[in-house]
Amino acid sequence: MADANTAEYYDYDVVVIGAGGSGLRAAIAAHEAGARTAVVCKSLLGKAHTVMAEGGAAAAMGNVWPEDTWQVHFRDTMRGGKMLNNWRMAQVHAQEAPARVYELEEWGALFDRTPDGKISQRDFGGHRYARLAHIGDRTGLEMIRTLQQRTVELGIDVFMECTVTRLLKDGDRISGAFGYWRETGSFIRFTAPAVVLATGGIGRSWTVTSNSWEYSGDGHALALWAGGSLINMEFVQFHPTGMVWPPSVKGILITESVRGEGGVLRNSDGKRFMFDYIPEFFKAETADNEEEADAWYADHINNRRPPELLPRDEVARAINSEIKAGRGSPHGGVFLDISTRRSAEDIKRRLPSMYHQFKELGDVDITKEPMEVAPTCHYVMGGIEVDADTQASIVPGLYAAGEVSGGMHGSNRLGGNSLSDLLVFGRRAGENAASYVASLSTRPRVSDVDVQAATDEAVEPFANPGSENPFAVMKDLQEHMQALVGIIRKQDELERALKEIERLKERAKNVSVQGTGRGYNPGWHTALDLRSMLTVSECVARAALERKESRGGHTRDDYPGTDPEWGKLNLVLRERRGSIDINRQPLPQMPDELKALFEEGK
Amino acid sequence: MGYDLRMRIWRGDASGGDFASYAVPVEEGEVVLDAIHRLQAEQAPDLAVRWNCKAGKCGSCSAEINGKPRLMCMTRLSTFDPTETITVTPMRTFPVIRDLVTDVTFNYEKAREVPAFTPPHSNEDGKFRMQQVDVERGQEFRKCIECFLCQNTCHVIRDHEENKPAFAGPRFFIRYAELDMHPLDTLDRRKMAQNDEGLGYCNITKCCTEVCPEGIHITDNGIIPLKERVVDTKYDPVFLGLRIGRRKDRRVVGPAGGSGPSPIKRPGGVQPGVAVPVPPRPATVGATAAASTPGSSVAATALAPAPPRTPTTAVDKVAAGSSTALDTAKTALPAVGAAAGIGFLAWAIRRSRRK
């Protein structure tokens, strides 16, 4: 070995970064299109965040309600996102989702069934019909296992526990990626004309979150540093129902399926408070009394949906208000009750992992007593700006799919639309990356200077004489984001957040890493992750400060209303000379035949 | 109520290590992983540990707590006496990388040996029909979160490195069982489970079932039915007598395909600074790329001029030659055809090698 810092060198056509649902689906697609493909992931294969998705994948298959079509799904998605979605992505998604689900079944996924043997579908917030293909409440696990097994079957190369820290470019085109093996700390460089980012979200920057350590916004930051643009970054989804007690599990997700299966939200007075929070926008389609709401489960046609199944942003805000008004539960949440709504046997069969999770971690038997819940940071609607049909970013050769891409979900994502999003756009990103590589007449080259710069940057924390502990800086960032850039935002708090982020950036420069070396050194890993976390946090705070209205996953205390003028604009962020630029960009306009879908009143 | 938890944690790497003692402040309701995280943040920033979901769904944080294989995120501190010292060690069956992190590649290599689900026909437009009662059998096994605690516990490989090549372990026996019970699967894997994966080594002590954090009845619902299915055809009692005293040499099981490097890449697999040529690949059928018509994707791989590398095989040399030809006449259909032919040839050669 020449030098401990010399990178291993691999050559591929398409390198996919991230091995969750979208990454694996992209890799399968690129491989099938003939590209030499590799998947690179920070964890072991099969551990990515998709594993935690519970409810299901939304696809208008019409197995339970034949009335369901892609048009209805499209309309639900757009309305759920408060019309800020990229209409073309929402359309493609609604049209292609059923085929992607069937494909999973062909690869071995075992979905729950309807009595006539078709894939069963369940109700979820914001979806007019029961639409979520599911496997109990562990749909994500089934999905990732199926895709993982398909990846292995096809013999696609997998680089496990390998973190990418920089994208490499030749002129303005992508030429590869640089990273390190977590296990040894040795460096690795990929030469590849196309990179698909499928790195997921950014939720690690908040204290109360359903996201794991992997969600440090790597893909968002990598794209930004490589000249890409981010869109809709102000919209962060706080899932209405996270666990609140015991403290160690605060934020861990409770699936929306609990409400889809009939669960109701109550405050400390025992009142089903959601009836008090039905917004004008959804009045026509939401039940205003308990009788109608309860009747809806059996008859969707003649009854309106219960308010517990409003889109997530509405429910999260309502819970937040109840807690603030002093009508919360003992540990600072509200009550989510399924025990009085379904039989114990039903609950154990339909929500097995929820039953297990509460029993094991909270000493709560959900078949006998209510759960305590409060909102938790869950998903970022914003992400890399991509072409709606090809998932190509503005950087030639750079593609993005899944949570790391933006536009599809507008200002708020409906539950269940994420798993289908992964499949639909993962496939498209993989295929288009492969065909982009095929269309090239010359392959971009990796410059040794760039590799050296990336290496120096990565080892810097070891040489740093500073005394900052990376874990302490991360903890402070999480606390500031939680307090100042949470569900409800204000101008002065956002301004303070930006100042704090600047201060944290300075501290991050002084982070030093102790320990025996680079091999599996979590302190070093955290020091490197901090860079993406700070970059992405700044993007969220800047965009949130800029958008002076409330919409979906962005609620401004000082601008509580929805402003139609803002409804015509996306905020687009780019990095120029080390600082973040914000631009207002008009929303793409949908064609008249799609507009007509929104004019039929209900 | 908070208290100072006393912990002994194994620290070290492949070259050796020892226990280190710590006192960690902990709070009510916390789990072992919380204590480890606090330790990492405040006292030992280089303490290596794997984790992801913190809710028992991903199976990353497997370790041995007081000698018992457990998920650290699902082991509540309230199950211990506050005065007790908790000992945490890495899984014993797998080689240590550092501290609590082990090299679980064994499992990923075994996964490659299982022949995938083989449906009778395509599922275009959702043609598959299955009954809930039928899918539920397989669903139990698909609850597996691949924490590999069952593999870690299994005495066939726990202290018997020599058995590893011939034994897939409980995790993969339930994978076989799951495929076997899939209502639409058409492939018979019984022989393979017995001959190649070492199903016979299992003497159903049920240790795997006991440690499964998902409560899967690995032995009762998976391994035993699988053994029964194997026995049904393999050991016909009439001929059993003929077999006594005879034993064929066991075939050594290599990675699936038998040839070529593993697609599961590990650090240090190649010389730093030297390009690793990944051979061009023919397209699989059924590529649906809007932009690429069938056949052209084969040419596509050849069309994108490969980076400078020395052709290593005869097939590579031909492919390299044809890519130059294609550069000059990209629209020449015969050349595309030739490239497709070569692609097919490469594929056929690789196929035959595999056999």
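1. Start with β2(A) and β3(A), residues 37-40 of chain A: the two strands run parallel and are joined by four bridges. Strands here are DSSP E runs of at least two residues, helices are H or I runs of at least four, and both are numbered from the N terminus; two strands pair if DSSP finds at least two bridges between them. V15(A) has A38(A) as its bridge partner in β3(A). Keep in mind that this is a predicted model, where local features need pLDDT of at least 70 and side-chain atom pairs count only at pLDDT 80 or more, while totals for chains, interfaces and linings use all residues. Residues are numbered from 1 along each chain as its sequence is written, and chains are lettered from A and ligands numbered from 1 in the order in which they are written.

2. β2(A) also has β11(A), residues 194-197, as a parallel partner, again over four bridges. Here V15(A) sits opposite V195(A).

3. Which residues of β2(A) are buried on its two faces? V14(A) and V16(A) are buried on one side, V15(A) and I17(A) on the other, so both faces of this strand (residues 14-17) are covered. Buried means 20 or more other C-beta atoms within 10 Å of the residue's own, with C-beta atoms placed from the backbone. In general, side chains in a regular strand alternate between the two faces of the sheet.

4. The link between β2(A) and β3(A) includes helix α1 of chain A, residues 21-32, and the three make a right-handed β-α-β unit. Right-handed means that, with the strands pointing away from the viewer, the path from the first strand over the helix to the second runs clockwise.

5. Further along chain A, β22(A) (569-576) and β23(A) (579-586) run antiparallel and are joined by eight bridges; V572(A) is partnered with N583(A). Their hairpin has two residues between the strands, and R577(A) takes a positive phi near 45 degrees. β22(A) also pairs with β12(A), residues 230-231, in the antiparallel sense over two bridges, with L230(A) opposite L573(A).

6. Now the chain contact: 79 residues come from chain B and 83 from chain A, a contact being two residues whose backbone-placed C-beta atoms lie within 7 Å. On the chain B side, elements supplying at least two residues each include α1 (32-42), α3 (132-142) and α11 (296-303).

7. Finally, a pairing across the chains: β7(A), residues 157-159, runs parallel with β8(B) over two bridges. F159(A) has K265(B) as its bridge partner there.

Definitions and conventions:
Buried ≥ 20, exposed ≤ 12 C-beta atoms within 10 Å, placed from the backbone.
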